[in-house]
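Visitor: I should like to understand the terms that are applied to this structure. Could you take me through them, with the reasons behind each?

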Amino acid sequence: YQRRVRGVLLIYLKSNLLTMSDQVTKLQEQLADLALIQSKISNTITTTLNDLWNNRNFAVVDAHFYPQCTNHSPIKSTIGINDFKQYFVLPLFDAFPDLKWISHEVISDGRTSIVSRFTFSGTHKGKPFAGFQPQNKKVSWEGITIIHLDDAGLIYEIRTLFDREELFSQLIGEDKKPKVETKESKSKEGETKDQ
């Protein structure tokens with residue numbers, strides 16, 4: 001009797017182990033598929049933003065953005081792709097004729113959200129920007145962009161974050177870099193106070 005129970009138990013365990021092994025294999029395949037999807041989404045978004053900012057290709061906005069896309073930015077927020085192009089993108093191109101965009105890293109959830117860390121750089125020698133007259137100053141600013149996609153893969157929301165005041169200080173030529181105190185700078189400061 002015990003041999004029969006052990007035999008049945010062994011058969012049961014072997015079949016369950018095979019089933020569990022199949023499930024693990026399927027899960028591994030799904031994870032690999034998700035990683036591939038994440039990579040494709042990240043590459044598509046990076047290519048789209050590169051084409052827009054570095055190649056000045058407005059057609060990518062029409063192809064990859066939802067018509068009523070919302071754009072939230074420290075400079076200008078817009079609703080709709082026409083306003084995005086006219087009131088957000090074009091003023092940057094007009095103010096900074098040599099504008100460059102660099103993507104440092106892209107993170108995706110594999111479905112609908114992408115975060116990109118970027119740097120913009122250019123020389124303010126074109127039209128006025130954000131109320132600042134061009135003074136031929138080279139500027140650069142870093143930030144992150146959070147992008148949300150709809151079910152069709154179109155960008156329906158962009159939220160860009162960066163230090164606007166740092167950009168503005170560069171446009172007027174102020175040095176907003178933090179001062180690092182050293183023993184030498186403290187002693188010079190003390191000498192100045194004594195005089």
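Guide: The following exchange sets values beside the definitions that apply to them.

Guide: This is a predicted model, in which local features need pLDDT of at least 70 and side-chain atom pairs count only at pLDDT 80 or more, while totals for chains, interfaces and linings use all residues. Residues are numbered from 1 along each chain as its sequence is written, and side-chain values use heavy atoms, with hydrogens and water left out.

Visitor: How many helices and strands does the chain have, and how do you know that a stretch is one or the other?

Guide: The chain has five helices and six strands. The names rest on DSSP runs: a helix is a run of H or I with at least four residues, a strand is a run of E with at least two, and numbering starts from the N terminus. In that direction the elements read α-α-β-β-α-β-β-β-β-α-α.

Visitor: Why is K125 called partly exposed?

Guide: Buried means under 20% relative accessible area, exposed means over 50%, and partly exposed lies in between, with a 1.4 Å probe and protein chains only. K125 has 49% relative accessibility, and therefore counts as partly exposed. This residue is in the loop between β4 and β5. Across the whole chain of 195 residues, 28% count as buried.

Visitor: What makes certain residues contacts of K125?

Guide: Contact means heavy atoms within 4.5 Å. When residues up to four places away in sequence are not counted, K125 touches A95, P97, P134 and N136. The C-alpha atoms of K125 and Q135 are 6.2 Å apart, although 10 residues separate the two along the chain.

Visitor: What is noteworthy about the phi of A130?

Guide: A130 has a positive phi of about 50 degrees, and it is not a glycine. Most residues other than glycine have a negative phi. A130 lies in the loop between β4 (113–124) and β5 (137–149). R56 also has a positive phi, of about 55 degrees, without being a glycine, and is placed in the loop between α1 (2–53) and α2 (59–64).

Visitor: Are A130 and R56 buried, partly exposed or exposed, and why?

Guide: A130 has a relative accessible area of 43%, so it is partly exposed. R56 has a relative accessible area of 30%, so it is partly exposed.

Visitor: What makes a space inside the protein a cavity?

Guide: On a 1 Å grid over the protein atoms alone, a cavity is a set of points where a 1.4 Å probe fits but cannot get out. Grid points are joined across faces, edges and corners, and the volume is the space filled by probe spheres set on the points. The structure holds one cavity of 30 Å³ or more, and the largest cavity has about 200 Å³ of space.

Visitor: Which residues line the largest cavity, and how do you know that they belong to the lining?

Guide: A lining residue has an atom within 4 Å of a point. There are 20 such residues, of which W53, F88, F120, T145 and T160 are the closest to the centre. Two or more lining residues come from each of α1, β1 (65–72), α3 (81–95), β4, β5 and β6 (155–162). β6 gives the most, with four residues.

Visitor: How is the lining of the largest cavity divided by class?

Guide: The lining has 17 nonpolar, three polar and no charged residues. Ala, Val, Leu, Ile, Met, Phe, Trp, Tyr, Cys and Pro count as nonpolar, Asp, Glu, Lys and Arg as charged, and the others, Gly among them, as polar.

Visitor: How do you know that β1 pairs with β6?

Guide: Two strands pair if DSSP finds at least two bridges between them. Four bridges join β1 to β6, so the two strands pair, and they run parallel. T70 has E157 of β6 as its bridge partner. β1 also pairs with β2 (residues 78–79), in the antiparallel sense, over two bridges. N71 stands opposite T78 in β2, and five residues lie between the two strands of this hairpin.

Visitor: Which residues of α4 are buried, and what do they pack against?

Guide: In α4 (residues 164–172), L167, F168, S169, Q170 and L171 are buried. The buried residues of this helix pack against β4, β5 and β6. G173, which follows α4, has a positive phi near 90 degrees.

Methods. 1 Å grid on protein atoms, 1.4 Å probe; cavity = no way out; pocket = protein on both sides within 12 Å on 5 of 7 lines; lining within 4 Å.
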